[in-house]
Amino acid sequence: MGGAERNARKRKQQETAARSVAQARGVAGGDKKKVVAITVAVIVLAALVIGGVIWTTSSKNSTEGKDIAVPTGTWAPGVVEKRDGAVVSAGKPGAAKTIDVYADFLCPICKQFEETFKDKLHEQVNNGTLTIRYHMLPMLNQRSDPPGYSMDSANASLAAADAGKFLAFHDALFKDQPQEGARGFDKAQLIKLGQDVGITDPAFVTAINTGVYEQQIQDAYKKISTDPSLQQDFGSGPGFGTPTVAVNGQVVKLEQDWVEKTLG
């Protein structure tokens, strides 16, 4: 078979293949413009998919190697922090009112709660009328990648409470909150945050690295999540969720004016 004959046969095979591809994609046989358009569309789609994978990976790892920003505090002198097991209370001695806040450092609605009501709650704590009891829970522990951030951050916050730095630590973790489903801050970053807010006790580092309060936190979460008084109706039936706020043991609805309604 000569070269000209081979070339002619090759062209015929290519044309047959092109028609087959066009027909398989619903394009009228031999319509080269439509074949080209489909080919370009496939290439663009592939580029979008690859770009999406790159963006998702970058977003997931956005906390890697990052220092957690320490916000400017709005807590007044004289506010006392005290850890009691897995609960941290913050207020001035003699405060007449107490509320319980149940939250998870990875919970985006908890961050929204903090941003919405922080100023009003801080004002009442600072003027000595309110004590807040914080219950930091590992409810979303499986929702970080890798799993474990909710527990690591809750454990670290209790260690920060031992050093009298819970409030600064708490506010920093919510202000710089990782995305749910993404990588959280690792133990080294949590230790660095503690140092940035002024913790110098080596026991803080040990507490984070060994997970010293993890069992207390897990036990508290198990008890809290099944407490009938803390169940709420989420549409599909009663259950426990974060954030939950209780005043005198009664769960309150987090409406815009709930602080005035319940605390005066």
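1. P243 is found in the loop between strand 6 (238-239) and strand 7 (244-247), where helices (H or I, at least four residues) and strands (E, at least two) are DSSP runs numbered from the N terminus. The model is a predicted one, in which local features need pLDDT of at least 70 and side-chain atom pairs count only at pLDDT 80 or more, while totals for chains, interfaces and linings use all residues. Residues are numbered from 1 along each chain as its sequence is written, and side-chain values use heavy atoms, with hydrogens and water left out.

2. The peptide bond that leads from T242 into P243 is cis, with omega near 0 degrees. A second cis peptide bond joins D145 and P146, and its omega is about 10 degrees; P146 has its place in the loop between strand 4 and helix 4. Both bonds deserve a look in the structure, since most peptide bonds are trans.

3. P243 also appears in the description of the largest pocket, for P243 is one of the residues that lie nearest the centre of this pocket, together with I109, Q232, K253 and L254. The complete lining is made up of 20 residues. A pocket here is an open set of points on a 1 Å grid, with protein on both sides within 12 Å along at least five of seven lines, where a 1.4 Å probe fits; lining residues have an atom within 4 Å of a point. Helix 3 (108-126), strand 5 (232-233) and strand 7 each supply at least two residues of this lining, and helix 3 gives the largest share, namely five residues.

4. How many salt bridges does a search of the whole structure find? The search finds ten, a salt bridge being a side-chain nitrogen of Lys or Arg within 4 Å of a carboxyl oxygen of Asp or Glu. One of them is formed by the side chains of R133 and D100, at 2.7 Å from N to O. Because R133 belongs to strand 4 (residues 130-136) and D100 to strand 3 (residues 97-103), this pair ties together parts that are 33 residues apart in sequence. R133 counts as partly exposed at 31% relative accessibility, whereas D100 is buried, with a relative accessible area of 13%; buried means under 20%, exposed over 50%, and partly exposed in between (1.4 Å probe, protein chains only).

5. Another salt bridge is made by the side chains of R143 and E180, again with a value of 2.7 Å from N to O. This pair links distant parts of the chain, 37 residues apart, with R143 in the loop between strand 4 and helix 4 (149-162) and E180 in the loop between helix 5 (166-175) and helix 6 (187-196). R143, at 47% relative accessibility, counts as partly exposed, and E180, at 36%, also counts as partly exposed. The loop between helix 5 and helix 6 holds Q179 as well, a partly exposed residue with a relative accessible area of 48%. The C-alpha atoms of Q179 and S144 are separated by 8.1 Å, although these residues are 35 residues apart along the chain.

6. Two further items concern charged side chains. D257 and K261 meet in a salt bridge at 3.6 Å from N to O, with D257 partly exposed at a relative accessible area of 34% and K261 exposed at 56%. D67, K192 and D196, in turn, are linked in a network of salt bridges.

7. Is N141, in the loop between strand 4 and helix 4, buried or exposed? N141 is buried, with a relative accessible area of 17%. Leaving aside its neighbours within four places in sequence, N141 is in contact (heavy atoms within 4.5 Å) with P147, G148, Y149, S150 and M151.

8. The backbone of N248 should also be checked, as this residue has a positive phi of about 55 degrees although it is not a glycine. N248 lies in the loop between strand 7 and strand 8 (250-251) and is exposed, with a relative accessible area of 70%.

9. Strand 1 (residues 80-84) and strand 2 (residues 87-91) pair in the antiparallel sense over five bridges, where pairing requires that DSSP finds at least two bridges between two strands. E81 has A90, in strand 2, as its bridge partner. The hairpin of these strands has two residues between them, and in this hairpin G85 takes a positive phi near 65 degrees.
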